[in-house]
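Hi,

Here's the structure I said I'd pass along. Have a look at it first, and my notes follow underneath.

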Amino acid sequence: MAKLQSPRGTSDLLPQDMAGHRHVINTAKTISLSFGFEEMATPIFEFTEVFARPLGETSDVVSKETYSFTDRGGEALTLRPEGTAGVVRALISAGLTQTLPQKFFYAGPMFRYERPQKGRMRQFHQIGVELLGVPGAVGDAEVITMGHMILSRLGVADKCILNINTLGDTESRLAYRQALVEYLSAFRGQLSEDSQRRLDLNPLRILDSKDEGDIALLVDAPRLDHYLNADSKAHFDAVRRYLDAAEIPAIINPRLVRGLDYYGHTTFEFITDALGAQGTVMAGGRYDGLAAMLGGGDVSGVGWAAGIERLAMLADVPPQQAVNVMMIGMSDDHMARLFTLAVSLRQQGLRVETGYAPHLGKQMKRADRIEAQQVVILGDDEAARGVAILRSMVDGAQTEVALVDLVAHLLAQHKEQ
RNA sequence: GCGGGUGUAGCUCAGUAGGUUAGAGCGCCAGAUUGUGGCUCUGGAGGCCGCCGGUUCAAAUCCGGUCACUCGCCCCA
């Protein structure tokens, strides 16, 4: 067994993995751009405050899952555990709060010190979008629609179900929170250990407890939708009308909540049952309170993030460009001749492999392994006559083509395909 | 952080009433075929049996610890 391995919870993206990874990013980027969301990037580490302030002490992510360190200058820094805080920080840093709305797409690594599982790594990668400065339901709907289109294009939409819910505005949420705490406090002793802790820190999260006892207690608990004020109801109704118009099927899941204070109104997740316990493929919501927590004033926001590894596991990944031609020269002189021709072909978009040693049998074997469509062979006999052998690896058919015509000949064949 | 499962060749895995030089298939390399791949045949390389310690005359095998992977909880993408 290899003694030398990457740190726990990290993995290498070898070409096969990278192909899926890149495909997810490219697809998401293309579709995001069609909605007017342009790509940006933020640093992979920020001042610890950027995450600590909005995510708060009640969040496990910040309290025990971050990679935090002090740099040589004494600054408290943290590797980003998620993307939204950094994007909003960047928005504020650049003064873009003056020119709203702003629409961003991003992709990159995130870091959380967690126990690794399938689809859950310590360094993992996300794509995400953020729409800043649009408080209306059309913003929620646009972001969800964009997410759905990306999942469709990747071939994973029909493996997922869109769950949506509303947390209401601050007024509605606080009223409900109070009612829920009052109700559950009477049963405190019967709640699971985790939920007893949540009752003080983060009562809404009890709603999505998986503990059977908790679930039974929640049957008669107050319902969030009964505490929504008129504005909150209108917002959620409008979001649902938009989704209907876009013909995106969704189920209302009253237990879908977010623990963080800056989340309000719409929350949603695309969930699959194909990845075991890590079923959430894309998750997001409205976070109108976040910018204010970072000192950026009242800027509404809505967005989502999705795990690239999880998406890549579910997606249909198209094959890489095939090897169109492999050049085999029987000596350095002959190879040099083909070298020049190869450059011309590559400039025209063909994928051309180089034969690295003048041993025909070996090179043919390699051509077979890399699934080259054709090989060009140039040896003494051919060079003397100004031709090269062109062999199809598919059917073994072999012809001779004048060296001066070779590039044009291969390009013409390539275009026919 | 908590609980379960699994670590033997590059890959997938056999191999325990503890007992000589630890196996198979695939892959890799070479030859048959010295300038022509796939198919076939022949041969070859490649293992501190995850690591450390213990029990024993003797450990891949039993015991303890540890590391890694994996499934679930927590949390989350």
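In what sense do strand β12 and β13 pair, and over how many bridges? The model is a predicted one, and in it β12 (residues 325-329) runs parallel to β13, with 3 bridges between them. One of the partnerships to look for is Met 326 with Glu 353 of β13.

Zooming out, that pair belongs to an open sheet of 5 strands with mixed pairing, ordered β13-β12-β14-β15-β16. β13 (352-354) and β16 (398-402) sit at the edges with a single partner strand each, so one side of each has no neighbour in the sheet. From one strand to the next, the twist averages 25 degrees.

Two helices pack on this sheet. Helix α12 (residues 332-347) touches β12, β13 and β14 (374-378), and its direction makes about 160 degrees with that of β12. Helix α13 (residues 360-369) touches β12, β13, β14 and β15 (387-392), at about 170 degrees to the direction of β12.

Elsewhere, there's a helix pair you may want to pull up. The axes of α5 (residues 137-154) and α9 (residues 230-245) come within 8 Å and cross at roughly 40 degrees, which makes α5 oblique to α9. Their crossing is right-handed. On the α5 side the contact is made by Ala 137, Val 138, Asp 140, Ala 141, Ile 144 and Thr 145; α9 contributes His 235, Ala 238, Val 239, Tyr 242 and Leu 243. Sorted by class, that contact has 8 nonpolar, 2 polar and 1 charged residues.

Cheers

Terms used
Residues numbered from 1 in each chain as written. Chains lettered and ligands numbered in written order. Predicted model: local features only at pLDDT ≥ 70, side-chain atom pairs only at ≥ 80, totals over all residues. Heavy atoms only, no water. Pairing = 2+ DSSP bridges. Helix = DSSP H or I, 4+ residues; strand = E, 2+ residues; numbered from the N terminus. Axes fitted to C-alpha atoms, helices over the stretch in contact; angles between N-to-C directions. Contact = heavy atoms within 4.5 Å. Parallel < 35°, antiparallel > 145°, perpendicular 65-115°, else oblique. Left-handed = near helix turned anticlockwise from the far one by under 90°. Nonpolar A, V, L, I, M, F, W, Y, C, P; charged D, E, K, R; others polar.
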